[in-house]
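Student: Hello! Could we go through this structure together, one question at a time?
Tutor: Gladly; have a look at it here.

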There are 2 protein chains.
Amino acid sequence: MNELYMRVAADETWLLKVLAPLLEHDNFLSTLWDIYKQVKAAGVVQDIICGIFRCDYMLHGQSHADAALKQVEVNTTCLAGCCHASHVARMHHHLLQIRGADTSKLAYKPANIDNVVSCLAQAHKLYISSTPAELETTTSTCVLMPVQIRNVNTTDERPIDYALWDQGIPCYRCDWPDILAHTRLTPSRQLMYRHSLDSTMEFEVSVIYFRAGFEPFEYIRFPHGKETRLRLEMSRSIKAPDFLTHLSTLKIVQQALNDIGTLEVFLPDSNPEARSEGMATFMPMTPLDSEQGRSIASEAELAKHYVLKPNLEGGGNNIYRNDILAFVSELPVERLKHYTLMRLIEPPPTQSLLLAGEEMYDGEVISELGVLGTCIWRKTREGAVEVMRNEAAGWTFKTKPAAVDEMSVVKGYGCFDCPKFVDD
Amino acid sequence: MNELYMRVAADETWLLKVLAPLLEHDNFLSTLWDIYKQVKAAGVVQDIICGIFRCDYMLHGQSHADAALKQVEVNTTCLAGCCHASHVARMHHHLLQIRGADTSKLAYKPANIDNVVSCLAQAHKLYISSTPAELETTTSTCVLMPVQIRNVNTTDERPIDYALWDQGIPCYRCDWPDILAHTRLTPSRQLMYRHSLDSTMEFEVSVIYFRAGFEPFEYIRFPHGKETRLRLEMSRSIKAPDFLTHLSTLKIVQQALNDIGTLEVFLPDSNPEARSEGMATFMPMTPLDSEQGRSIASEAELAKHYVLKPNLEGGGNNIYRNDILAFVSELPVERLKHYTLMRLIEPPPTQSLLLAGEEMYDGEVISELGVLGTCIWRKTREGAVEVMRNEAAGWTFKTKPAAVDEMSVVKGYGCFDCPKFVDD
């Protein structure tokens with residue numbers, strides 16, 4: 001999946017074709033695309049791209065014996081929770097082992113933080129080693145982490161920040177609305193960052209690790225959101241991820257990839273077996289604006305097995321089962337093309353205990369496995385992809401009560417968890 | 001200093017002579033000594049001892065140029081703060097470096113936690129490897145950490161607990177009043193620990209890392225305090241530290257060591273230069289129950305340079321300067337021998353900022369450097385000391401407002417800090 005998304009993100013023509021129907025109608029997407037056009041016009045000055053991906057899976061099947069992992073979605077941008085997931089897995093291991101319980105069947109403790117940091121550190125070093133001689137300076141370099149303001153999730157960012165410093169790589173978190181004031185572009189498009197506005201000390205930004213800039217409100221509520229993203233994308237800094245990788249996380253891309261032919265185009269060298277194993281994790285997806293789509297959305301017996309997803313989301317804002325009928329019946333015809341129907345993943349019944357806040361839930365649950373990958377690649381002039389890093393980087397595991405549809409720990413709908421293997 | 005205290009703790013005869021005048025009068029000490037006599041009568045079954053020591057120093061002198069480090073005291077038992085000290089030093093390094101300040105003059109970041117854990121792990125392995133064949137079992141071994149109840153300082157214990165588990169060594173914290181219920185002695189005096197009283201699963205305790213059992217209230221307020229300590233001391237487990245090492249932390253021992261002759265007896269093989277360097281850190285100490293002592297305690301001009309310390313304390317409950325006069329004048333004659341006068345360490349004036357709670361202090365401060373040492377030694381039948389580990393293990397650094405006499409972070413009188421070297 002990592003390689004698939006690296007290649008998708010490198011194929012501007014294909015992405016544009018997929019996104020075209022939405023470009024004219026969606027404000028957020030057209031804002032982003034407009035930024036990209038300006039960057040293209042000025043010329044892209046950094047061909048190395050860094051991506052930290054998470055591919056989410058759920059079990060699908062009547063019973064555990066015949067259940068298989070199915071892809072929920074692929075996140076290519078701003079994935080949160082990898083630090084929390086490590087900590088909770090360590091806690092579960094610890095709580096079991098101090099009671100003398102067998103921990104051998106628990107999933108290994110994931111080294112998510114180390115792996116993400118190792119990827120950013122590699123990108124940082126690549127930036128330095130690939131800087132042309134005429135642009136070399138004595139200025140220190142740093143990783144810049146744009147973050148959302150009033151973010152409750154800093155504990156998921158700080159461990160990465162600190163671990164970079166521990167490797168001798170300066171890392172600065174900067175609130176999204178403050179980026180413009182703290183940065184400037186040199187004529188040769190090096191991005192310079194000042195931590196203190198009272199000081200003249202500057203860093204040259206090697207890697208921009210985006211933990212902000214992926215939600216519409218960051219462009220609408222903050223008047224300088226667009227200018228901020230434009231400056232960052234214009235720069236020589238390695239983006240983690242870049243603009244096209246960000247867009248490849250959208251639902252409409254997942255739907256377009258849901259096709260064996262597309263996979264062959266993007267992964268011509270992979271063996272057919274691996275491709276069909278990958279395909280086997282896909283659930284059927286149908287554009288709402290199609291004959292089959294409209295028929296599902298109008299029959300309760302069909303709709304109850306589907307989820308309706310907005311094409312521009314990476315996740316969230318979904319409409320489930322029979323709610324689809326009422327929702328679609330009120331949807332203006334021209335907005336049909338903004339949605340995709342996906343066959344619901346229906347996991348076998350599983351019992352567990354969840355502790356959220358001060359409440360304990362004891363009942364049926366649904367879990368989601370996130371497989372992390374760290375990638376670095378270079379886009380050649382000819383449009384080819386040179387993979388410089390593609391590593392499995394750990395996992396996240398989230399569990400929610402079965403009756404709750406949306407999986408969001410931050411919103412209080414689920415818990416970080418740790419899977420335990422069972423015998424067949 | 002580590003070696004000195006290992007040898008002092010091994011010399012029961014000398015310790016008994018030093019402590020004898022107090023034995024009959026002090027409840028706590030006589031309780032402890034009574035435990036030791038019972039252990040002696042039954043025979044000591046573990047000859048390996050583990051000690052984690054902290055030797056505290058302050059600067060003494062009119063100015064920084066002529067100031068020298070002077071010993072405040074030596075702690076051999078239950079030293080708290082080594083984890084906090086590491087964290088605060090890391091925080092100071094981080095806060096300086098993100099502002100681009102020079103951190104090269106800051107003291108190195110101490111690896112206190114790693115070093116303490118490495119010492120306990122070595123003791124754990126020594127316990128296993130030195131267990132006689134006829135006592136070997138298949139039972140798992142663990143480190144037992146007796147802790148005080150309602151302890152606010154668990155964050156200084158947990159990092160050691162977790163790091164031992166990370167090395168595959170089970171570690172259990174157990175409240176002091178619960179120890180009896182959770183442990184039993186086998187006929188061959190292996191100490192067995194059950195974490196859950198509902199379970200029959202037992203661990204054989206390799207090392208007892210005392211973070212409780214060193215204060216009188218633990219023997220007076222809890223009816224089973226004495227029985228608890230007796231069971232622990234009776235066991236084959238390696239004690240960190242054992243009973244005699246615990247007693248060597250008392251002020252009266254520090255006073256008795258304040259004598260070049262004593263040092264020669266304990267460290268006959270050390271070179272005289274090292275001995276006199278050690279001696280140079282000692283401040284003059286005088287028993288209160290002596291001609292010189294009584295004269296200091298009755299003249300304000302003399303008393304103002306002294307601190308009066310209870311002989312049975314490792315630190316705390318001191319009387320400072322001219323308060324000594326009123327205190328001693330009301331002291332019953334038979335209690336004079338319970339106190340020692342020590343020349344006050346008078347540090348050169350230093351300015352700093354302290355953040356305690358939500359308040360900022362800006363003014364003159366006094367700092368105390370704690371030098372950590374980790375030790376393991378074996379007492380041979382002939383009473384000799386075989387040193388198995390003697391390592392510098394990091395440092396702690398505490399700073400308080402100059403007007404406050406007692407240095408206690410837990411009581412809110414001081415802050416953890418990080419020293420910065422200055423040019424001569």
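Student: In which loop is Arg321(A) found?
Tutor: Let's look at the elements on either side, where helices (H or I, at least four residues) and strands (E, at least two) are DSSP runs numbered from the N terminus. Arg321(A) is found in the loop between strand S11 (319–320) and helix H16 (323–329) of chain A.

Student: Before we go on, what should I know about the model and its numbering?
Tutor: This is a predicted model, in which local features need pLDDT of at least 70, side-chain atom pairs count only at pLDDT 80 or more, and totals for chains, interfaces and linings use all residues. Residues are numbered from 1 along each chain as its sequence is written, chains are lettered from A and ligands numbered from 1 in the order in which they are written, and side-chain values use heavy atoms, with hydrogens and water left out.

Student: Thanks! What is phi of Arg321(A) near?
Tutor: Arg321(A) is a residue other than glycine, yet its phi is positive. The value is near 50 degrees.

Student: Is the peptide bond from Ala240(A) to Pro241(A) cis or trans?
Tutor: First find Pro241(A), in the loop between strand S8 (238–240) and helix H10 (243–247) of chain A. Omega of the bond from Ala240(A) to Pro241(A) is near 0 degrees, and the bond is cis. In chain B, Pro241(B) is likewise in the loop between S8 and H10, and the bond leading to it from Ala240(B) is also cis.

Student: How far apart are the end C-alpha atoms of residues 141–248 of chain A?
Tutor: An unreviewed UniProt entry annotates this span as "domain: Glutathione synthase substrate-binding". UniProt positions are given in the numbering used here, feature names are shortened, and annotations may be inferred rather than shown by experiment. The span is 30% helix and 26% strand, and its end C-alpha atoms lie apart by 29 Å.

Student: Why is H5(A) called oblique to H6(A)?
Tutor: Axes are lines fitted to C-alpha atoms, for helices over the stretch in contact, and angles run from 0 to 180 degrees between N-to-C directions. The axes of H5 (residues 112–130) and H6 (residues 158–166) of chain A come within 10 Å and cross at roughly 55 degrees. Angles under 35 degrees count as roughly parallel, over 145 as roughly antiparallel, 65 to 115 as roughly perpendicular and the rest as oblique. That crossing angle therefore makes H5(A) and H6(A) oblique.

Student: How many residues in the contact of H5(A) with H6(A) are nonpolar?
Tutor: Contact means heavy atoms within 4.5 Å, and here Ile113(A), Val116(A), Val117(A), Leu120(A) and Ala121(A) of H5(A) join Pro159(A), Ile160(A), Ala163(A) and Leu164(A) of H6(A). Ala, Val, Leu, Ile, Met, Phe, Trp, Tyr, Cys and Pro count as nonpolar, Asp, Glu, Lys and Arg as charged, and the others, Gly among them, as polar. With no polar and no charged residues in this contact, the nonpolar count is nine.

Student: Are H6(A) and H4(B) roughly parallel or roughly perpendicular?
Tutor: The axes of H6(A) and H4(B), residues 82–98 of chain B, come within 12 Å and cross at roughly 85 degrees. Among the residues that meet are Trp165(A) in H6(A) and Arg90(B) in H4(B). The two helices are therefore roughly perpendicular.

Student: What kind of axis relates the two copies?
Tutor: Superposing by least squares on the C-alpha atoms of residues with pLDDT of at least 70 in both copies, chain B can be laid on chain A with an RMSD of 0.0 Å by a turn of 180 degrees and a shift of 0.0 Å along the axis. The copies are thus related as by a two-fold rotation axis.
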